[in-house]
Amino acid sequence: MSKALIIVDVQNDFCEGGALAVDGGAAVAAGISEHLDDHGHLYDHVVATQDWHVDPGAHFSDTPDFQDSWPPHCRAGSHGAELHPDLDQEFVEAFFRKGRFSAAYSGFEGLLAPEDAVSSGDRQPGTLPAEDEDGESLDEWLQNNDVDELVIVGIATDHCVRATALDGVQAGYSVTVLRELTASVAEDPEPTFDELEDAGVDVA
């Protein structure tokens, strides 16, 4: 069995200057790169998730409530959907894209991106290769690679990191969240960390 690092949604739109910026997002990108430089040998696999919206319906709103609806962000193929430049992609083995036609918070809703489409800037916004529609899910990929332990980092602590960690536990994985390598929408992330610990996640 093996261990995988899951990097959740460290994208331009979720970092400073982006359409839905989270304070500390760029620092998280750089921190994850430093972590991989120092501790990459601890992981058998490293994967990344991306919000990748084509037409997510009510998830986008001109009058968002910032709970269920949000300003438009991470449109498929856009600069905002690209991974932040401070995140070193050299270590990333596979990319999983989620939320094409609906809201998608958990990385477990993502599908494997084709190898020839790793760069999100290689096509016009709103277009996707047909392969993405039936791609391998994150859970299938992890199982096929004999992964039983997940370490989760990324953006945002109280939304996509939270959902990915909870789904990981539900799917039977041992899950750890590295709190210093996440950034939260809420000013106080402690309630989210408490919820994760109550669900069986190790917050390290």
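The largest nonpolar core, meaning a set of buried Ala, Val, Leu, Ile, Met, Phe, Trp, Tyr and Cys residues joined through side-chain atoms within 4.5 Å, has 31 residues, and those with the most contacts inside it are L5, I7, I32 and I155. Buried here stands for under 20% relative accessible area, exposed for over 50% and partly exposed for the range in between, with a 1.4 Å probe and protein chains only. At least two residues of this core come from each of strand 1 (2–8), helix 1 (25–39), strand 2 (45–51), strand 5 (147–155) and strand 6 (174–183), where helices (H or I, at least four residues) and strands (E, at least two) are DSSP runs numbered from the N terminus. Helix 1 gives the most to the core, with 4 residues. A second, separate core of 23 residues includes A4, V8, F108 and L138.

The model is predicted, so that local features need pLDDT of at least 70 and side-chain atom pairs count only at pLDDT 80 or more, while totals for chains, interfaces and linings use all residues. Residues are numbered from 1 along each chain as its sequence is written, and side-chain values use heavy atoms, with hydrogens and water left out.

In helix 1, the buried residues are G25, V28, A29, G31, I32, S33, H35 and L36, and they pack against strand 1, strand 2, strand 5 and strand 6. The end C-alpha atoms of helix 1 are 20 Å apart, which agrees with the 21 Å that its 15 residues should span at 1.5 Å a residue, the expected span being 1.5 Å times one less than the number of residues.

I155 is in contact (heavy atoms within 4.5 Å) with residues including V8, D9, F14, V28, C160 and A183, leaving aside its neighbours within four places in sequence. The peptide bond from I155 to A156 is cis, with omega near -10°, and A156 is placed in the loop between strand 5 and helix 3.

Two residues other than glycine have positive phi values, as tabulated.

| Residue | Phi | Loop | Relative accessibility |
|---|---|---|---|
| D9 | near 55° | between strand 1 and helix 1 | 0%, buried |
| F66 | near 60° | between strand 2 and strand 3 (94–98) | 41%, partly exposed |

The axes of helix 3 (residues 157–170) and helix 4 (residues 190–198) come within 11 Å and cross at roughly 5°, which makes helix 3 roughly parallel to helix 4. Axes are lines fitted to C-alpha atoms, for helices over the stretch in contact, with angles from 0 to 180 degrees between N-to-C directions; angles under 35 degrees count as roughly parallel, over 145 as roughly antiparallel, 65 to 115 as roughly perpendicular and the rest as oblique.
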